[in-house]
Amino acid sequence: MKLRIAIQKSGRLYEDSVSLLRECGIDLRNVKDRLKTESDNFPLEVFFLRDDDIPQYVQDAVADIGIVGENVLLEKNKSVEIVENLGFGKCRLSVAVPRNQEYAGIGSLSGKKIATSYPGILSRYLSDHSVTAEIHEISGSVEIAPGIGLADAVCDLVSSGGTLFMNGLKEVETILSSQAVLVRNHDLSAGKLAILERLLFRIRAVKKSKRNKYVLLNAPNDKLDEIVALLPGMKSPTILPLAESGWSSVHSVLSEDTFWDIIEQLKQAGAQGILVVPIEKMII
Ligand code: ATP
Ligand code: ZN
């Protein structure tokens, strides 16, 4: 038995989706220009599809699981279950208006024409705010619509804001923050659920390792207590004597959030020769 996963065929989620599977130790046969492929070392079959079609295929059990942006998931409104946030494909769905135009709050969109590829999410948002506007659905290059007189505003995906800026637009409302998620069909067999659990175990180990670094440092023994107190570690740090007497080597794991703060404090406390090493997998 194999678990069938749908991922984007090409586009912004493709590289990260394939890399995630590879980092999970899943080798994929020949992924270029294929509609589907499979793995020889994990019971997984991979379908390459347009991202818009993935919610439907997972709902209809053509695929068992899929990787798709939350934005697409909400727009398509299909019945699938989110099992894990994947931390890539981060963006937001925002309303933008011409930069030289004053913006007086969401009410000022009343009666305006708004171009978007997300008519479902936008119309729900507008009606939640009691705004009636004309939604003009276009499938791509939404950001040029105001410039060519097609619309007064846009509702589009933004990551850095560079594209909006280049088109003379400014972001005025954020409707949704999105990232890629792993979704599953509601009714997977016990056998498929077991494969999904194995995959999730690996995905979580990969995600965790990305948020953490392995740190090695040298510490004078008389400063050891102070230095150890700064380190969280998985259990407690590992301490090994160095060849030079009076010194020890200290090994620990630091998370991204506190990393720089702790490194500075370690230096101040007398740590030397601090090495920071990426972690490939982290299994707790
Ligand atoms: P497809 O051919 O599969 O339909 P697409 O053109 O609809 O592709 P892409 O532009 O490749 O889609 O974007 C795929 C997903 O990547 C988006 O739905 C969104 O979840 C995510 N994403 C992240 N950052 C951005 C961004 N700045 N602009 C657009 N999408 C982004
Ligand atoms: Zn698409």
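A polar contact is a pair of N or O atoms within 3.5 Å. The legends below describe close-up views of a predicted model.

**Figure 1. Polar contacts of ligand 1 with the protein.** An oxygen atom of ligand 1 is placed 2.8 Å from a polar backbone atom of arginine 12. Side chains contribute as well: a polar side-chain atom of glutamine 8 lies 2.8 Å from an oxygen atom of the ligand, and a polar side-chain atom of aspartate 51 is likewise 2.8 Å from a ligand oxygen atom. On its own, ligand 1 exposes 620 Å², of which the protein buries 77%. There are 17 residues around ligand 1, and those that come nearest are Arg12, Asp51, Asp52, Asn71 and Ser159.

**Figure 2. The site of the zinc ion (ligand 2).** Two aspartates, Asp51 and Asp52, serve as the protein donors of the zinc ion through their OD atoms, at 2.0 to 2.1 Å from the ion. The zinc ion has four donor atoms, and the angles among them run from 75 to 172°. The site is irregular, because four donors count as tetrahedral if all angles lie between 85 and 135 degrees, and as square planar if opposite donors are over 155 degrees apart and all others between 65 and 115. For four tetrahedral donors, the ideal angle at a metal is 109.5 degrees. Aspartate 51 has a relative accessible area of 18% and is therefore buried, since the cut-off for that class is under 20%. Aspartate 52, at 26%, is partly exposed.

**Figure 3. Asparagine 71 in helix α3.** Asparagine 71 has its place in helix α3 and is one of the residues that come nearest to ligand 1. Its relative accessible area is 5%, so asparagine 71 is buried. The side chain of asparagine 71 is joined to that of tyrosine 118 by a polar contact of 2.9 Å. Leaving aside neighbours within four places in sequence, asparagine 71 is in contact with Tyr118, Ile121, Leu157, Leu176 and Ser178.

**Figure 4. Arginine 4 and alanine 6 in strand β1.** Strand β1 spans residues 3–8 and includes arginine 4; alanine 6 is also found in β1. A polar atom of the arginine 4 side chain lies 3.1 Å from the backbone oxygen of valine 62. Apart from neighbours within four places in sequence, arginine 4 is in contact with Glu45, Phe47, Ala61, Val62, Ala63, Asp64, Ile65 and Lys192. Alanine 6 has a relative accessibility of 0% and so counts as buried. With neighbours within four places in sequence again left aside, alanine 6 is in contact with Phe47, Leu49, Ile54, Ala63, Ile65, Gly66 and Ile67. Valine 253 is 247 residues from alanine 6 in sequence, and the C-alpha atoms of the two are 34 Å apart in space.

**Figure 5. Alanine 205 and lysine 210 in helix α6.** Helix α6 comprises residues 190–210 and includes lysine 210; alanine 205 lies in α6 too. Alanine 205 is buried, with a relative accessible area of 6%, whereas lysine 210 is partly exposed at 46%. Although 77 residues separate alanine 205 from methionine 282 in sequence, their C-alpha atoms are 4.8 Å apart. Not counting neighbours within four places in sequence, alanine 205 is in contact with Lys281, Met282 and Ile283. Lysine 210 and glutamate 256 are 46 residues apart along the chain, with 8.5 Å between their C-alpha atoms. Beyond residues up to four places away in sequence, lysine 210 touches Glu23 and Glu256.

**Figure 6. Positive phi values at asparagine 77 and serine 130.** Most residues other than glycine have a negative phi. Asparagine 77, which is not a glycine, has a positive phi of about 55°. Asparagine 77 is found in the loop between α3 (70–76) and β5 (81–85). With a relative accessible area of 59%, asparagine 77 is exposed, because the cut-off for that class is over 50%. Serine 130 also has a positive phi, near 55°. The loop between α4 (119–128) and β8 (134–137) holds serine 130, which is exposed with a relative accessible area of 66%.

Conventions
Residues are numbered from 1 along each chain as its sequence is written. Chains are lettered from A and ligands numbered from 1 in the order in which they are written. This is a predicted model: local features need pLDDT of at least 70, side-chain atom pairs count only at pLDDT 80 or more; totals for chains, interfaces and linings use all residues. Side-chain values use heavy atoms; hydrogens and water are left out. Donors are N, O and S atoms within 2.8 Å of the metal (3.2 Å for Na, K and Ca); water is not among the atoms, so sites may look incomplete. Four donors count as tetrahedral if all angles lie between 85 and 135 degrees; four count as square planar and six as octahedral if opposite donors are over 155 degrees apart and all others between 65 and 115; anything else is irregular. Buried means under 20% relative accessible area, exposed over 50%, partly exposed in between (1.4 Å probe, protein chains only). Helices (H or I, at least four residues) and strands (E, at least two) are DSSP runs, numbered from the N terminus. A polar contact is a pair of N or O atoms within 3.5 Å; within protein, one must be able to donate a hydrogen and the other to accept it, and residues adjacent in sequence count only if both atoms are side-chain atoms. Contact means heavy atoms within 4.5 Å. A residue is near a molecule or strand if one of its heavy atoms lies within 4 Å of it. Accessible areas come from the Shrake-Rupley method with a 1.4 Å probe; for residues, only the protein chains shown count as cover.
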